[in-house]
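Reader: I'd like to talk through how the two chains here sit against each other. Could you take me through it?

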There are 2 protein chains.
Amino acid sequence: MQQRLSLITLGVSDLARARAFYERLGWRSNTPAEFDVIFFQLGGMVLSLWDRESLAKDSGVTLGSGFGGVTLAYNVRSPAEVDETIAEAESAGARVTRPPSATFWGGYSGVFLDPDAHPWEVAHNPLWDVAADGSVTLPG
Amino acid sequence: MQQRLSLITLGVSDLARARAFYERLGWRSNTPAEFDVIFFQLGGMVLSLWDRESLAKDSGVTLGSGFGGVTLAYNVRSPAEVDETIAEAESAGARVTRPPSATFWGGYSGVFLDPDAHPWEVAHNPLWDVAADGSVTLPG
């Protein structure tokens with residue numbers, strides 16, 4: 001199994017609400033509005049939104065309650081950009097569960113929840129470069 | 001907010017067990033074994049493994065029970081490669097929750113759970129090309 005990821009699917013309870021949230025953040029999808037799934041192209045991978053119950057059933061698991069232990073992160077190029085992005089997400093309807101501040105690992109970050117409570121950390125890590133195309137590469 | 005993802009973190013209950021599982025799949029990390037987090041470079045993004053409770057606390061959320069509604073997918077180039085990859089994961093200790101079969105969306109896939117019950121769908125989607133570098137691009 002190669003070291004790569006093709007797709008991440010976030011289970012949602014209201015597809016139109018979830019799509020509208022990501023569109024307010026500036027994201028765009030070519031998926032027709034009448035489809036029951038939405039695909040966003042993210043660099044060389046895809047992020048999709050799909051009904052939470054259907055996702056559990058399709059994965060052969062029982063849907064739990066609340067946070068299942070997966071967090072997404074969006075790295076930016078400065079602490080100021082963390083502040084701006086968290087403010088933008090809050091304006092788009094996100095709930096901020098950790099306001100931007102210095103972190104124990106020497107960076108600066110905050111966390112917001114999307115409308116289905118999936119956490120996004122917005123982080124500036126001074127050791128991780130964010131390339132012009134948005135890709136990040138581990139040091140060393 | 002640009003349409004991109006820097007990092008996905010999977011919460012785990014036993015870091016050494018989780019690392020060993022992904023290493024049995026052929027993945028490699030430069031993170032020293034004594035660290036309490038592990039980073040894998042995945043194309044232009046990173047996948048990390050971190051303590052599940054710490055991840056919840058750091059995200060400002062309460063840890064739920066079971067599946068929280070996030071599934072990862074690994075796309076391959078043929079149905080036979082789905083079978084091979086699911087068999088490889090099972091040999092590495094994964095639990096297969098959906099054996100490979102034709103899907104309702106016209107592809108062929110199966111699902112396995114990693115040691116912390118994070119689902120991975122292994123899929124052949126005839127409409128999605130997997131490039132030589134592993135990247136996938138939506139049609140249209």
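**Two copies, one axis**

Author: Sure. In this predicted model, a turn of 180 degrees and a shift of 0.0 Å along the axis lay chain B on chain A, with an RMSD of 0.0 Å.

Reader: What makes the two copies related as by a two-fold rotation axis?

Author: Look at the turn and the shift: 180 degrees and 0.0 Å along the axis. The two copies are therefore related as by a two-fold rotation axis. On chain B, the residue that comes closest to that axis is B:G68, with its C-alpha at 1.9 Å.

Reader: How do you know that the same surface serves both copies?

Author: Of the contact residues of chain B, 100% recur in chain A. As for the count, 59 residues of chain B are in contact with 59 residues of chain A, where contact means C-beta atoms within 7 Å.

Reader: Which element of chain B gives the most to that side?

Author: Strand 4 of chain B, with six residues. Others that give two or more include strand 1 (7-12), helix 2 (52-59) and helix 3 (79-91) of chain B. By kind, the residues on this side are 26 nonpolar, 27 polar and six charged.

Reader: Why do you say that strand 1 of chain A and strand 4 of chain B pair?

Author: Pairing needs at least two bridges. Strand 1 (residues 7-12) of chain A and strand 4 of chain B have four, in the antiparallel sense, and that makes them a pair by this rule. In one of the bridges, A:I8 has B:L72 of strand 4 as its partner.

Technical notes: Residues are numbered from 1 along each chain as its sequence is written. Chains are lettered from A and ligands numbered from 1 in the order in which they are written. This is a predicted model: local features need pLDDT of at least 70, side-chain atom pairs count only at pLDDT 80 or more; totals for chains, interfaces and linings use all residues. Two residues are in contact if their C-beta atoms, placed from the backbone, lie within 7 Å. Ala, Val, Leu, Ile, Met, Phe, Trp, Tyr, Cys and Pro count as nonpolar, Asp, Glu, Lys and Arg as charged, and the others, Gly among them, as polar. Copies are superposed by least squares on the C-alpha atoms of residues with pLDDT of at least 70 in both.
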